[in-house]
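Trainee: I would like a close look at a single part of this model, taken slowly, with enough of the surroundings to see where the part belongs. Please choose a strand and tell me what lies on each side of it.

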Amino acid sequence: MKKRLSMLLAAALMLSLALTGCGNGRDAGTTSDAPETNSTAPVQSQAAEPTGGFEAGATIGVSLPWLGTQNWKEADEMFKTQLEAAGFNVIVQAADNKVPQQQQQIEAMIQNGAKVIVVGPIDGSQLGAVLEEAKAAGIYVIGYDRLLENTTGVDGVVQFGSIKTGELQAQALLDGLKEKKGDGPYNIELFGGGPADPNAPNFFTGAMSVLQPKIDDGTLVVVSGQTDFTQCATIDWDNSKAQARMDSLLSGFYSDKEVHGVLSPNDGIARAIITASEQAGQEIPVVSGLDAENESVEWVWSGRQYSTVAKPTDVLVGKTVEIIKSLQAGNGMPAADVSVNNGKIDVPVYELPPVVVTKDNAKEAFANDPGRLELLK
Ligand code: BGC
């Protein structure tokens with residue numbers, strides 16, 4: 001009788017350990033929480049089943065690609081502040097745009113016992129092996145701002161809609177041309193971001209869905225003829241490379257023409273394009289942007305840059321920290337907004353809405369951002 005009772009107790013204990021995951025983080029090696037929907041299909045699924053939390057003061061790793069634009073510097077600061085405030089032990093590192101360095105940093109986070117690793121990849125498709133190793137060790141992996149491609153080692157991605165961002169940039173370019181440059185046709189040029197960053201082709205695709213019909217009907221003329229992403233991309237999001245390309249476009253195609261507008265994928269590249277245009281003696285073209293970097297917010301306010309797109313870092317970091325807290329408490333990954341195929345699995349994506357900013361709506365757009373509001377003077 002006594003023996004049977006203790007066997008029953010042992011069985012009950014094993015069951016409860018299995019249900020709570022024993023405080024060891026995610027069950028290693030499962031992919032079952034990936035939804036079955038296809039690219040960007042809305043996810044109807046419920047939140048993933050609770051899969052086991054971990055201790056409150058656990059180590060959380062954050063691996064950022066570089067600190068070359070303001071959004072990544074903000075993320076570096078905000079992850080430290082918000083995760084420490086939540087009681088975690090935090091390792092935040094940036095990898096200077098060097099893939100092997102980022103692989104090593106993630107490897108060290110695994111060795112240091114991280115329970116969650118947040119990754120903004122330099123190259124979306126070059127981290128497959130190390131992320132799968134993290135997964136095999138029972139660590140949760142969350143993509144931050146950029147998709148993690150070609151790997152099963154990802155539990156979800158938090159980002160602003162990247163196709164939507166491109167659409168907003170292109171629509172702002174069209175609006176700006178109409179407002180600032182009279183009737184068309186308009187001479188324009190196109191720039192893309194770093195080709196290794198999965199956001200960059202998406203921004204471009206979103207933008208071209210708006211611009212291509214206007215190119216086809218003759219409203220827009222891409223004078224250089226360079227309309228493929230590969231021709232327009234800017235290796236490593238390097239502003240000086242963008243400026244050099246703009247210099248050569250201007251000297252090669254615009255010695256007797258005005259450039260009316262330029263599609264730019266972010267603010268740093270926008271300022272490089274504007275600077276090159278001023279130096280070539282052009283009237284300032286209408287230029288789009290992204291990130292609401294302080295310097296560009298001032299340029300938008302003074303009329304030197306037409307638009308930017310705000311994707312507030314505090315909101316993105318806040319959403320990521322909320323997911324980490326859910327994991328810690330044993331509640332698993334919250335329900336996602338859409339699902340995106342990364343080449344290997346359908347990844348749950350938490351998608352936030354970017355907001356276009358021009359001089360007209362800057363005060364409203366930054367109503368809750370005292371730092372940027374302060375720049376509108
Ligand atoms: C981010 C942008 C940033 C760019 C270059 C992109 O993935 O979404 O905010 O400007 O990388 O750092």
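Mentor: Let us begin with the whole chain, where, among contacts between residues at least 6 apart in sequence, 73% join residues at least 24 apart. Please keep in mind that this is a predicted model, in which the protein chain has 377 residues, 53% of them buried. Its secondary structure comes to 13 helices and 14 strands, and the chain exposes about 16,300 Å², of which carbon and sulfur atoms supply 52%.

The strand I have chosen is β7, which runs from residue 186 to residue 190. It belongs to an open sheet of four strands, and if you read across that sheet the order is β8-β7-β9-β10, with parallel pairing. As general background, strands of a sheet pair through backbone hydrogen bonds, and the pairing may be either parallel or antiparallel. In the order just given, β7 stands between β8 and β9, and we can take these two neighbours in turn.

On the β8 side, three bridges join the two strands, which run parallel, and one pair to find in the structure is tyrosine 186 with its bridge partner in β8, leucine 220. On the β9 side, where the partner strand covers residues 261–263, there are three bridges and the strands again run parallel; here you can look for leucine 190, whose bridge partner in β9 is leucine 263. The outer strands of the sheet are β8 (220–222) and β10 (286–287), and because each has a single partner strand, one side of each is left without a neighbour in the sheet.

Having followed the neighbours within the sheet, we can turn to the two faces of the strand. Is β7 mostly covered or mostly open? It is mostly covered, since five of its five residues are buried, a word that here stands for under 20% relative accessible area. On one side you will find Tyr186, Ile188 and Leu190, and on the other Asn187 and Glu189, and both of these faces are covered.

The word "buried" also applies to residues in helices, and arginine 271, in helix α9 (residues 267–279), is a useful case to work through. Its relative accessibility is 13%, so it counts as buried. If we leave aside its neighbours within four places in sequence, arginine 271 is in contact with Glu293, Glu295, Ser296, Trp299 and Gln305. Serine 326, in helix α11, can be read in a similar way: at 15% relative accessibility it counts as buried, and, with the neighbours within four places in sequence again set aside, its contacts are Asn331, Gly332 and Pro334.

Helix α11 (313–328) also leads us to the largest pocket, where α11, α2 (70–85) and α12 (362–365) are the elements that give two or more residues to the lining. This pocket has a volume of about 340 Å³, and of its 19 lining residues, Pro312, Asp314, Phe366, Asp369 and Arg372 lie nearest the centre. By class, the lining has nine nonpolar, three polar and seven charged residues.

Helix α2 takes part in the lining of the largest cavity as well, where α2 and α6 (199–216) each supply at least two residues. The volume of this cavity is about 120 Å³, and among its 14 lining residues Asn71, Trp72, Arg146, Trp237 and Asp291 lie nearest the centre.

How values were computed: Residues numbered from 1 in each chain as written. Predicted model: local features only at pLDDT ≥ 70, side-chain atom pairs only at ≥ 80, totals over all residues. Heavy atoms only, no water. 1 Å grid on protein atoms, 1.4 Å probe; cavity = no way out; pocket = protein on both sides within 12 Å on 5 of 7 lines; lining within 4 Å. Points joined across faces, edges and corners; volume = space filled by probe spheres on them. Nonpolar A, V, L, I, M, F, W, Y, C, P; charged D, E, K, R; others polar. Buried < 20%, exposed > 50% of the residue type's maximum accessible area, 1.4 Å probe, protein only. Contact = heavy atoms within 4.5 Å. Areas by Shrake-Rupley, 256 points an atom, 1.4 Å probe, with all protein chains shown as cover. Pairing = 2+ DSSP bridges.
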